[in-house]
Amino acid sequence: MRLSLKYPAAAASGPRFAADIVAVARAVSEVDLDYSVASLAQVDEVIEGIRSDGPPVDAVAETLFGFGAYVGEVLVRHADAQWVDFDDSARQMFGHAFGVATSTGQLWNPLGKAFARYVNGAEDSLYYFCRTVINQP
């Protein structure tokens, strides 16, 4: 899948992608996202609404990418994580150039999780994903 992104697909752009989707969510869905873990339940609802309309994933890929960046920024703010550029091995495994790493070195792929939420539905809840990451020892 080829994405048409506003910024480079790099860790330094993560917060910018997140901020952009916050503005889009407010303008399009009238949802105010505040970077709290609880706000991810709203993201789940927005993605479910898009999903129920049935567009192919390619048609909403940039939106999903933005929501994935938002999830990553929530992790940065609440899970002692930081944005990181993935090495070649992690890129191969995750299918994205960047993601987040917790202070313990655990790598997470919030971009991929947003796509999984769209494809698989509620079983890939972003809210529960984030709660799991935050509760890691």
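Select Leu107 in strand E3 and Ala101: the two are bridge partners. This is a predicted model. Extend the selection to E2 (98-102) and E3 (107-108). E2 and E3 pair in the antiparallel sense, over 2 bridges.

Now bring in E1 (81-85). The sheet is open, with 3 strands in the order E1-E2-E3 and antiparallel pairing. E1 and E3 are the edge strands; each has a single partner strand, so one side of each lacks a neighbour in the sheet. Which helix lies across E1 and E2? Show H3: it lies across these two strands, running at about 135 degrees to E1.

**Helix H5**

Select residues 110-120, which form helix H5. H5 is mostly covered, with 8 of its 11 residues buried. The buried residues are Pro110, Leu111, Gly112, Ala114, Phe115, Ala116, Arg117 and Tyr118. To see what covers them, display H2, H3, E2, E3 and H6, which are included in the cover. Just after H5, click on Gly121, where phi is positive at about 85 degrees.

**Arg117 and its partners**

Stay in H5 and show the side chain of Arg117. Is Arg117 buried or exposed? With a relative accessible area of 4%, Arg117 falls under the 20% limit and therefore counts as buried. Two acidic side chains can be picked out next. The side chain of Arg117 makes a polar contact of 2.8 Å with the side chain of Glu48. Another polar contact, of 3.1 Å, joins the side chains of Arg117 and Asp44. Leaving aside residues up to four places away in sequence, Arg117 touches Asp44, Ile47, Glu48, Arg51, Ala122, Asp124, Ser125 and Leu126.

Move the selection to Asp44, which is found in helix H2. Asp44 is also buried, with a relative accessible area of 8%. Besides Arg117, Asp44 touches Ser125, Leu126 and Tyr127, again not counting residues up to four places away in sequence.

**From H2 to H6**

Display H2 (residues 39-53) together with H6 and look at how they pack. The angle between H2 and H6 is about 150 degrees, and their axes are 7 Å apart. Which residues meet here? On the H2 side, select Leu40, Ala41, Val43, Asp44 and Ile47; on the H6 side, Leu126, Tyr127 and Cys130. By class, this contact has 7 nonpolar, no polar and 1 charged residues. Asp44 counts as charged, and its polar contact with the side chain of Arg117 in the step above is the one at 3.1 Å.

Next, keep H6 alone, residues 126-134. At the start of H6, show Ser125: one of its side-chain oxygens reaches to within 3.3 Å of the backbone nitrogen of Tyr127. Then colour Leu126, Phe129, Cys130 and Val133, which are buried in H6. Why do they sit on the same side of H6? Because they cover an arc of only 95 degrees around the axis. An α-helix has 3.6 residues a turn, so residues three or four places apart point the same way. Turn the surroundings back on to see the cover over the buried residues of H6, which includes H2, H3 (61-78), E2, E3 and H5.

For a contrast within H6, select Tyr128. Tyr128 counts as exposed, at 58% relative accessibility. Add Val37 and draw a C-alpha to C-alpha distance: Tyr128 and Val37 are 9.3 Å apart in space and 91 residues apart in sequence.

**The loop between H1 and H2**

The last stop is the loop between helix H1 (14-29) and H2, where Glu30 is found. Glu30 has a positive phi of about 55 degrees although it is not a glycine. Glu30 is exposed, with a relative accessible area of 72%.

Tyr35 lies in the loop between H1 and H2 as well. What is unusual to check in its backbone angles? Tyr35 has a positive phi, about 65 degrees, although it is not a glycine. Is Tyr35 buried or exposed? Tyr35 is buried, with a relative accessible area of 13%, whereas Glu30 is exposed.

Definitions and conventions. Residues are numbered from 1 along each chain as its sequence is written. This is a predicted model: local features need pLDDT of at least 70, side-chain atom pairs count only at pLDDT 80 or more; totals for chains, interfaces and linings use all residues. Side-chain values use heavy atoms; hydrogens and water are left out. Helices (H or I, at least four residues) and strands (E, at least two) are DSSP runs, numbered from the N terminus. Buried means under 20% relative accessible area, exposed over 50%, partly exposed in between (1.4 Å probe, protein chains only). Axes are lines fitted to C-alpha atoms, for helices over the stretch in contact, and angles run from 0 to 180 degrees between N-to-C directions. Contact means heavy atoms within 4.5 Å. The arc is that of the directions from the helix axis to the C-beta atoms. A polar contact is a pair of N or O atoms within 3.5 Å; within protein, one must be able to donate a hydrogen and the other to accept it, and residues adjacent in sequence count only if both atoms are side-chain atoms. Two strands pair if DSSP finds at least two bridges between them.
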